[in-house]
Structure formats: structure tokens, C-alpha cells
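I opened the notebook to look up charged pairs, one polar contact and a surface patch. My entries follow in the order I worked.

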Amino acid sequence: MSTFGTNPHILHRADSADTSVEAAYEVDTTRLEGLVYSTIHRFGSRGCISDEVRALYPNYPYSSITARYRALLDKGFIEDTGERRKGVSGKNQRVMRVIFREKEDGLLTKNN
């Protein structure tokens, strides 16, 4: 089973500057993925768009939140529902929702 957290090695390019590599190893992806997952979970079966998640964390850098969507999608923790809703910019954003798993995963298992 996949868990929260992303290997820092895949957070930077092979030819990245040493400062970028250092920064990749300092990001607490385990905490951030857990935070984003639990936030998306709070929206239940309705799901949410990125603007709704980001609005709850105005003091976090944009990329600290938005970069977690891909990791959570790839690991099967969340899904793109195929639905789109307009964001603050007036442009459509994908609606994301938690994929509910069996209880033994230790994850939240039912919608609100």
C-alpha cells in the first residue's frame, strides 16, 4: 500500500542546481500530503477544487499545496471526478475527491 510522502529524489531534475536538490530534501511531503488528503476528505462526496483547498491554507506557498495533488492521484488516495467547477479566476478546475478504501488501510473510510 502506498503511504504519504514522496521520495525527494523525484522532486528535482537530475541536472538541478544544488540549491534545488537541497530544497527537495527539506520539504516535508509526508505532512503536506496528509494535510491535503484530510482537507479534500472534509469535502466528502461533493469533492473540491484547488481554490477551495488553497483558501484554507493562505499562509502556505501555492506549490506546497498544489504539488501534492499529483502525488495523491498517483498513489490512488484521491481521484479526478471528471467534473469541473469554475475557480476564482473564472477558469475551470478539476473536482477532486478522496477514494475510500478498506478499513485496514488506516485511512478515513466514509463520506461525511
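**Entry 1: Arg 85 and its partners**

I started with Arg 85, which counts as buried at 16% relative accessibility. The cut-off for buried is under 20%, so Arg 85 falls within it. I noted that this is a predicted model.

Next I looked for the partner of Arg 85. I found a salt bridge with Glu 83, with the closest N and O atoms 3.2 Å apart. Glu 83 is partly exposed, at 38% relative accessibility. So this bridge joins a buried arginine to a partly exposed glutamate.

Which residues are linked with Glu 83 and Arg 85 in a network of salt bridges? I found Arg 46 and Glu 52 there.

**Entry 2: other salt bridges**

How many salt bridges does a search of the whole structure find? I got ten. I looked up two more of them by residue.

Asp 80 pairs with Arg 84 in a salt bridge. I read 2.8 Å between their closest N and O atoms. Asp 80 is partly exposed at 31% relative accessibility. Arg 84 is partly exposed too, at 41%.

Then I went to Asp 28 and Arg 31. Their side chains meet in a salt bridge, 3.8 Å from N to O. The limit is 4 Å, so this pair counts. Asp 28 has a relative accessible area of 38%, which makes it partly exposed. Arg 31 has 43% and is also partly exposed.

I added a general reminder: side chains of opposite charge can pair when their charged atoms come close.

**Entry 3: Thr 6**

I moved to the segment before helix H1 (18–26), where Thr 6 lies. Is Thr 6 buried or exposed? I found it buried, at 15% relative accessibility.

The side chain of Thr 6 makes a polar contact of 2.5 Å with the side chain of Glu 33. I then listed what Thr 6 touches, leaving out residues up to four places away in sequence. The list holds Leu 11, Thr 29, Glu 33, Ala 71 and Lys 75. Glu 33 thus turns up both in the polar contact and among the residues touched.

**Entry 4: a nonpolar patch**

Last, I checked Ile 10, which also sits in the segment before H1. Ile 10 counts as exposed, at 62% relative accessibility. With Leu 11 and Val 27, Ile 10 makes a nonpolar surface patch of about 250 Å². I marked Leu 11 twice: it belongs to this patch, and Leu 11 is one of the residues that Thr 6 touches.

Technical notes
Residues are numbered from 1 along each chain as its sequence is written. This is a predicted model: local features need pLDDT of at least 70, side-chain atom pairs count only at pLDDT 80 or more; totals for chains, interfaces and linings use all residues. Side-chain values use heavy atoms; hydrogens and water are left out. Buried means under 20% relative accessible area, exposed over 50%, partly exposed in between (1.4 Å probe, protein chains only). Helices (H or I, at least four residues) and strands (E, at least two) are DSSP runs, numbered from the N terminus. A polar contact is a pair of N or O atoms within 3.5 Å; within protein, one must be able to donate a hydrogen and the other to accept it, and residues adjacent in sequence count only if both atoms are side-chain atoms. Contact means heavy atoms within 4.5 Å. Patches are made of residues with over 30% relative accessible area and no salt bridge: like charges are joined within 9 Å, nonpolar side chains (Val, Leu, Ile, Met, Phe, Trp, Tyr) within 5 Å. Accessible areas come from the Shrake-Rupley method with a 1.4 Å probe; for residues, only the protein chains shown count as cover.
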